[in-house]
Amino acid sequence: MLASLGPLVAILLLRMGAASTERASYNYSVYHPFSEIDNWMSQILFDNPDIVSVERYGKTYEKRDINLLKIGERSGAVKKAIWMDCGIHAREWISPAFCQYFVKQILQEYRQGGKMAEMMADLDFYVTPVLNVDGYIYSWLGNTTRLWRKNRSPGSAGCTCFGTDLNRNFNATWGAIGVSTDCCAETYGGSGPLSTPEAASVARYVEQRKADVLCFLTIHSYGQLILVPYGNPNLTAPNYEELMMVGQGAAEEIKKVHGMSYRVGTSPDILYPNSGSSRDWARLTGIPFSFTFELRDNGTFGFRLPENQIQPTCEEAYSGAMHIVRYVHHQEFSGAAATAAASLWGALLATGVTAAHAL
Ligand SMILES: [Zn+2]
């Protein structure tokens, strides 16, 4: 049968057969090395060519591609956008796992019609599963590199250490607070704002579309937090109250899934002050809704979150993220004012935490 169809068709059929097998077997409950995530992106594109495209929008320091998946219905009109990046910090492996789960889930819901199909007619999701590709690959080399955080660019002249903290390298009161000038430090902010190709790629890509980006979500671990702008305590976002209300709503949705508590607030209020984060940069550049998610846990396993927690962590965080997405979609496309009550507000802000590591 295959032979009579000619070699090209046979190869195509074999490819499709392989595709369906891979699709069924991709395991969202384990951590994947970058090569597997890269193949997974190709597979998602192959399986959903009608609504998925892959865009290469930058190169890492070690010249690897930085790719995102653009997901939404194609139309001639300029659509609104939801940004999500994962894996800006290498060791936070639950973050890329979440982006993969998120993509799987929105595609599945789109195929079922309903609210997701309605939203994907109006907006596109731009999802970067691994932003700090070099760092992520480095963190997979072995036990001694597992807790690597930064990218892999060399330090300034005279410094033998590697790596800049990409989440201190954005142009948001760069270098002001919660950042190190020591290139050996975990929170080294780089030689200047956007000195890293990774941060510069994000800034350039998002800046070009900022009028259409409704929401910027950047995914980290750990601590079970939803952080709103700004990390610099001297600044207050003009829509701080609304950001808190929406973040609080997300935390309530998260709690409903597996009972986990996420606290909501600015970084100086509930974690530590910092500057140069992508979250703050996004808000400063004019994107109205910008949040950092710090996923599980609260420090029991920290960055080495066991694989049996991947699925529940993704399920609850998905609920939280979708609360935010639905809110911003509603605001943009219905014009109605939100009236959600922030009932858990005080309770969730009540406890303080001291972080032993930069998150
Ligand atoms: Zn982080």
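Here are some worked exercises on the fold in front of you, each with a stepwise solution.

The model is predicted, and local features need pLDDT of at least 70, side-chain atom pairs count only at pLDDT 80 or more, and totals for chains, interfaces and linings use all residues. Residue numbers start from 1 along each chain as its sequence is written.

**Exercise 1. Work out in which order the eight strands form the open sheet, and which strands stand at the edges.**

*Step 1.* Start with the elements: the protein chain has eleven helices and eight strands. Both are DSSP runs numbered from the N terminus, helices being H or I with at least four residues and strands E with at least two.

*Step 2.* Now line the strands up. The order is E1-E2-E4-E3-E5-E8-E6-E7, with mixed pairing. Two strands pair if DSSP finds at least two bridges between them.

*Step 3.* Look at the ends. Strand E1 (52–59) and strand E7 (263–266) each have a single partner strand, so one side of each is left without a neighbour in the sheet. On average, neighbouring strands here are turned by 20° against each other, direction ignored.

**Exercise 2. Walk from E1 to E5 and say which pairs are parallel and which antiparallel.**

*Step 1.* Recall that strands of a sheet pair through backbone hydrogen bonds, either parallel or antiparallel.

*Step 2.* E1 and E2 run antiparallel and are joined by seven bridges. Val54 has Leu69 in E2 as its bridge partner. The two strands make a hairpin with five residues between them, and Lys63 in the turn has a positive phi of about 70°.

*Step 3.* Next come E2 and strand E4 (residues 123–128), antiparallel over three bridges. Here Leu69 sits opposite Val127 in E4, while Lys70 has Tyr126 as its bridge partner.

*Step 4.* E3 and E4 pair in the parallel sense over six bridges, with Asp85 partnered by Thr128 in E4.

*Step 5.* Strand E3 (residues 80–86) and strand E5 (residues 213–221) are also parallel, over six bridges. In that pair, Ile82 is matched with Cys215 of E5.

**Exercise 3. Decide how well E2, E4 and E6 are covered.**

*Step 1.* Set the yardstick: a residue is buried if 20 or more other C-beta atoms lie within 10 Å of its own, exposed if 12 or fewer, and partly exposed in between, with C-beta atoms placed from the backbone. By that rule, 45% of the 359 residues of the protein chain are buried.

*Step 2.* In E2, five of its seven residues are buried. In E4, the count is six of its six residues.

*Step 3.* Split the strands by face. In a regular strand the side chains alternate between the two faces of the sheet. Leu123, Phe125 and Val127 point one way from E4, Asp124, Tyr126 and Thr128 the other, and all are buried.

*Step 4.* E6 has both faces covered too: Leu225 and Leu227 are buried on one side, Ile226 and Val228 on the other. Leu227 stands opposite Gly265 in E7, and E6 and E7 run parallel, joined by four bridges.

**Exercise 4. Find the residues with the most contacts inside the largest nonpolar core, then look around Cys215.**

*Step 1.* A nonpolar core is a set of buried Ala, Val, Leu, Ile, Met, Phe, Trp, Tyr and Cys residues joined through C-beta atoms within 7 Å. The largest one has 87 residues, and Phe98, Cys215 and Ile324 have the most contacts inside it. Helix H3 (residues 94–111) gives the largest share, ten residues.

*Step 2.* Contact means that two C-beta atoms, placed from the backbone, lie within 7 Å. Leaving out residues up to four places away in sequence, Cys215 touches Ile82, Trp83, Phe289, Ile324, Val325 and Val328.

**Exercise 5. Describe how H7 packs on H10 and on the sheet.**

*Step 1.* H7 and helix H10 (residues 310–334) pack at an angle of about 145°, their axes 8 Å apart. Axes are lines fitted to C-alpha atoms, for helices over the stretch in contact, and angles run from 0 to 180 degrees between N-to-C directions.

*Step 2.* Pick out the contact residues: among them are Val246, Gly249 and Ile254 in H7, and Gly320, Ile324 and Tyr327 in H10.

*Step 3.* Turn to the sheet. Helix H7 (residues 240–258) lies across strand E6 (225–228), E7 and strand E8 (289–295), running at about 165° to E6.
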